[in-house]
Structures are given as C-alpha cells and as structure tokens.
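This report covers a helix pair and a metal site. Please view the model alongside the text.

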Amino acid sequence: AKERGRNRAEIYDAAMQIKLTRHARMDVALRFALERNELSLVYQPKVSLTDGSVEGFEVLMRWDSPEYGSISPSDFIPIAEASGMMVPIGIWALEQACRQLATWQQRYPGIGKMSLAVNVSMRQLLQTTFFTQVREILDSSGVRPGTMELELTETSAMANPMQTMETLSLLKKLGLRLALDDFGTGYSSLAYLQRLPIDILKIDKAFVQGLGSNQSDMEIIRLMMALAKTLHLETVAEGVETMAQIEELQKMGCTLGQGYLFSPPLLTAEAEALIRSTHVF
Ligand code: C2E
Ligand code: CA
Ligand code: CA
Ligand code: CA
C-alpha cells in the first residue's frame, strides 16, 4: 500500500509539473501574441428584449496560438494579468474596437447610437495612465460620443475605491458609458454602488440561467431590477439561452439581453453582415 501511495504522489507531482510548465510556457507565448497577430476580437450582439433590435455588441478577445490552439479568455486573461501583459493587450483591444466602430459609423450612418462595449481589467483601471490613454484613443478614432462603453467587474471597481471613483468620473466626462459586469457576484455595498458613476448593470449569467427553475435566482434578479430602477440604471441580462428566460426577464422589466439564444460572439465580417441586414439606410 505504501508503494502505491508513493506512486500516486509521484504521478500527482508530475501532473502538477506539467501544468506549471504549460502555464509558464503559455505566459511566454502570450508575450509575443500581440506582435505575431494571434489576438483577435469577436462581437456578441446585445439585443432589445422589447423589439429584438441589435442595440450594440460586446467585444470579446480571442487568442489563437500556433502552439496551444485557441485558448479561452477565461484561461489567458488571468495569465495576462499575472504577467504584466494585460495592460498592453487591453489597450490594443480598445484601440481596435474604437477603430472598428468608427469605420462602421462612417459606412452605415443609420446605426446611430449602436454601441460597442469593451471589457476592462482591474490591472488597467489601476494604472495611473489609463485615463490619458483612453482619451487619446477615443480622440484619434473619431467615434461618436456616447457610443463606446467600458465594462468593469464589481471586484475591479472595489479595488482602491478613491482612485477608481476619480478615474471613472473622468471617463464619464469623455462621453463613455460605463457598465458594471457580472453584477451580483461581488461584494460591493449599496452605498458604494450608489456613488459609482455607472450607467448599466449587467446581471450575471449565473442568475439568468436559474430563471424559471430556481426561485431564489428569480428573487435576486427581481431585487437587482428594483435597485437598477432606483439608481436609474439600464439592465442587461447575460447568458440568455431560452425563450422561457426571455419571458421572465420581460415580465421583470429587463430591456436588454445577450446570449447564445440570440447569437454567439461573431467574427468582424459576420457582425458587419448583421449590421447591414438590420439597419435600413
Ligand atoms: P464576460 O465579460 O462575462 O463575457 C461574457 C462571456 O459569456 C463570454 O465568454 C461569452 O462568450 C459568454 N456567453 C455569451 N452568451 C452566453 C450564453 O448564452 N451562455 C453562456 N454559458 N455563456 C455565454 P468568453 O468570450 O469566453 O469570455 C470570458 C471572460 O473573459 C469574459 O466574461 C471576460 O471576463 C473575459 N474577457 C474576454 N475578453 C476580454 C477582454 O478583451 N478584456 C478583458 N479584460 N477581459 C476579457
Ligand atoms: Ca463583459
Ligand atoms: Ca459578464
Ligand atoms: Ca461572467
């Protein structure tokens, strides 16, 4: 038995070693991903739950590595955050998205206020140069004011509250709209939430997926809707996958949704085709 135990421990060590080595090597590969053009953006439609129109898109990052294949952002964003790559790749994503939106606004004037929402990591928000960089990117892209959104998570908005509050106020003055992502999964106090200069609450998909089956998820979303109403915030439900969920959300007064039921994240050309087919010029 002792013999077997040792073997198992050795196997475990070896497995850990492989994992650690893979992580370390992915870290190195990620350092070059930007210059080697391995990163790209996809666009997931944000749809009106009242009339089905496309109100905008969330921008999501993809990494196709020649060595590791396509890696999920849930895996590579943490690596980027730990290795210092989050700031440059985050800036790159914002630049790309602004440029893309400006192009679409020129090509399809009828899209009006259609927006793009870019995810921002806590690492970026805590950089003292973040605001200045964002301002430069926005200015040089020439996108219409009020059409770019930034999504930040509750946890990132809680790190260094004073600095965050100041940065967010400055960003709002630039005409950016701000969304609080994954709402309900963090620990922000209501008092803090009330003071944050945000426009949109994104209800985390964990709650949306319980709609119709889980009574407490339903109650939690109802509370979030009441809170959003009091604070005059727009609400977006994430991870909408069924018609039943749409019906519940409509009943509760949620006006926007995102999810596989409407569309997965789309390649640039696919998103553009959707814009062309849904806007009359
Ligand atoms: P997130 O910001 O909460 O993005 C929503 C995630 O849910 C996306 O996963 C999206 O593809 C997925 N999703 C959309 N509809 C559905 C649905 O109906 N059901 C389910 N189960 N999932 C759905 P993705 O693209 O894998 O991104 C994962 C996370 O990685 C994002 O979560 C975000 O936190 C992070 N991320 C992605 N791109 C960026 C980026 O450019 N910058 C930063 N800082 N983080 C990013
Ligand atoms: Ca998001
Ligand atoms: Ca989210
Ligand atoms: Ca999420």
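## Helix pair

Helices α3 and α5 run roughly parallel to each other, because their crossing angle of roughly 20° falls under the 35 degrees cut-off. The model is a predicted one. Helix α3 spans residues 86-107, and helix α5 spans residues 130-141. Their axes come within 9 Å. The crossing is right-handed.

Which residues of α3 meet α5? On the α3 side they are Ile91, Leu94, Glu95, Cys98, Arg99 and Ala102. Their partners in α5 are Gln133, Val134, Ile137, Leu138 and Ser141. By class, this contact has seven nonpolar residues, two polar and two charged.

## Calcium site

The calcium ion (ligand 3) is coordinated by Asp181 (OD), Asp182 (OD) and Glu238, the last listed with OE twice. Coordination distances are 1.8 to 2.9 Å. Along the sequence, the donor residues follow the spacing D-D-x55-E.

Where in the chain do Asp181 and Glu238 sit? Asp181 belongs to strand β6 (residues 177-183). Glu238 lies in the loop between β8 (234-237) and α11 (243-251). The two are 57 residues apart, and the pair links distant parts of the chain. Are these two residues buried or exposed? Both Asp181 and Glu238 are buried.

## Bridged ions

Asp181 also has a second role at this site: this residue bridges the calcium ion (ligand 3) and the calcium ion (ligand 2). The two ions lie 3.8 Å apart.

Technical notes:
Residues numbered from 1 in each chain as written. Chains lettered and ligands numbered in written order. Predicted model: local features only at pLDDT ≥ 70, side-chain atom pairs only at ≥ 80, totals over all residues. Heavy atoms only, no water. Axes fitted to C-alpha atoms, helices over the stretch in contact; angles between N-to-C directions. Helix = DSSP H or I, 4+ residues; strand = E, 2+ residues; numbered from the N terminus. Parallel < 35°, antiparallel > 145°, perpendicular 65-115°, else oblique. Left-handed = near helix turned anticlockwise from the far one by under 90°. Contact = heavy atoms within 4.5 Å. Nonpolar A, V, L, I, M, F, W, Y, C, P; charged D, E, K, R; others polar. Donors = N, O, S within 2.8 Å, 3.2 Å for Na, K, Ca; no water. Buried < 20%, exposed > 50% of the residue type's maximum accessible area, 1.4 Å probe, protein only.
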